[in-house]
Amino acid sequence: MPREMREAVVELPNGLSTHYYEWPGNGPKLVFLHPSAGYGRMWEWTVDALGDRFHVFAADQRGHGFSGRPEGDYSAEEYADDVALFMDAVGIERAVIVGHSLGGRVAQVFAGRYPERIEGMVLVASPHLSNFHATREAARAVLANAADTLGHPEEFASVDEALAFMKARWPWSPESDGSLRHRIAYNFEHRDGGRVAPRYDNIRVAQGLAHLTANLRPYAARAECPVMILLAKKGSLTREQAEELARYWRDARIVEIDGTYALQMDNPQALAGAIADFAATVGAG
């Protein structure tokens, strides 16, 4: 059953206008952080599967969705400070932070910089190897991906054209038509004549992707909360790689889930179950 969902905008002290979604619940608070080119509402199927056990928030991060696109370097540090200010603005003292890809990098920095604000950290289809082993080849791949993003179309003639682009863009992580149409329904502007335009800023997304080689080891060392790495069985990160990365945290566990990179769209029921089980172990369930 779809849960009651609210939308609102808050103006943060750093000047960022932040649009967010909220699902009121009877239990502890969860903060969901979307990936690059994502949007807060992409978590709604997972939130629906959680039921009313948690009070959930999911913002459009800077440069994405309906939130602002201010000047800045779009580093994980900048995003993490946004999260702290957002939590202040909506009255969240502590929460379990769930981050996917970009959101996972932000969660890692947040856990290191604001350990008193986080109950536990869930990394969905992340962390990224390049943030812990910034080899020359990893840097090449990261910079090539960022550069490619600069050339993404800023408008499509139709929904079908946008669908075709996304299917060709992410062949390594196929999503269902339902998932892709959810993206277009809620992460694209619908214009006259059937034209659609992404709500994320290609340049700001590329800036964020360029930080995929930033060294996050110091933040892992400073994190005090338990960590769960959710490994997509059909994702690019292997079990061996996940086990190697898990050693950087004091208390990290790995849970495998059937699905591809976009677990919140691909297997929301299993994702919700894993999050609820983890939250219970950190005292937030």
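Strand 3 is mostly covered, with four of its five residues buried. The model is predicted. In it, strand 3 belongs to an open sheet of eight strands, arranged in the order 1-2-4-3-5-6-9-10 with mixed pairing. Strand 1 (6-11) and strand 10 (252-257) stand at the edges of this sheet, and each has a single partner strand, so one side of each lacks a neighbour in the sheet. On average, neighbouring strands of the sheet are turned by 25° against each other, direction ignored.

**Strand 3 and its partners**

- Strands of a sheet pair through backbone hydrogen bonds, in either a parallel or an antiparallel sense.
- Strand 3 (residues 29-33) pairs with strand 5 (residues 95-100) in the parallel sense, over four bridges.
- Within this pair, valine 31 stands opposite isoleucine 97 of strand 5, and phenylalanine 32 has valine 98 of strand 5 as its bridge partner.
- Strand 3 is also joined by four bridges to strand 4 (residues 55-59), and these two strands run parallel.
- Lysine 29 has histidine 55 of strand 4 as its bridge partner.
- Between strand 3 and strand 4 the chain passes through helix 1 (residues 44-50), forming a right-handed β-α-β crossover.

**Helices packed on the sheet**

- Strand 3 and strand 5, joined in parallel by four bridges, are both touched by helix 3 (residues 102-113), which packs on the sheet and also touches strand 6 (118-124).
- The direction of helix 3 makes about 155° with that of strand 6.
- Helix 9 (residues 239-246) packs on the sheet as well, where helix 9 touches strand 9 (227-232) and strand 10.
- The direction of helix 9 makes about 160° with that of strand 10.

**The two sides of helix 5**

- In helix 5 (residues 159-169), the buried residues are Ala162, Leu163, Met166 and Arg169.
- These buried residues lie on the same side of helix 5, because they cover an arc of only 130° around the axis.
- The buried residues of helix 5 pack against two helices, helix 4 (136-150) and helix 6 (177-187), and against two strands, strand 7 (188-190) and strand 8 (196-198).
- Asp160 and Ala168 are exposed, and they sit on the face of helix 5 that is turned away from its buried side.

Terms used:
Residues are numbered from 1 along each chain as its sequence is written. This is a predicted model: local features need pLDDT of at least 70, side-chain atom pairs count only at pLDDT 80 or more; totals for chains, interfaces and linings use all residues. Side-chain values use heavy atoms; hydrogens and water are left out. Two strands pair if DSSP finds at least two bridges between them. Axes are lines fitted to C-alpha atoms, for helices over the stretch in contact, and angles run from 0 to 180 degrees between N-to-C directions. Contact means heavy atoms within 4.5 Å. Buried means under 20% relative accessible area, exposed over 50%, partly exposed in between (1.4 Å probe, protein chains only). A crossover is right-handed if, with the strands pointing away from the viewer, the path from the first strand over the helix to the second runs clockwise. The arc is that of the directions from the helix axis to the C-beta atoms.
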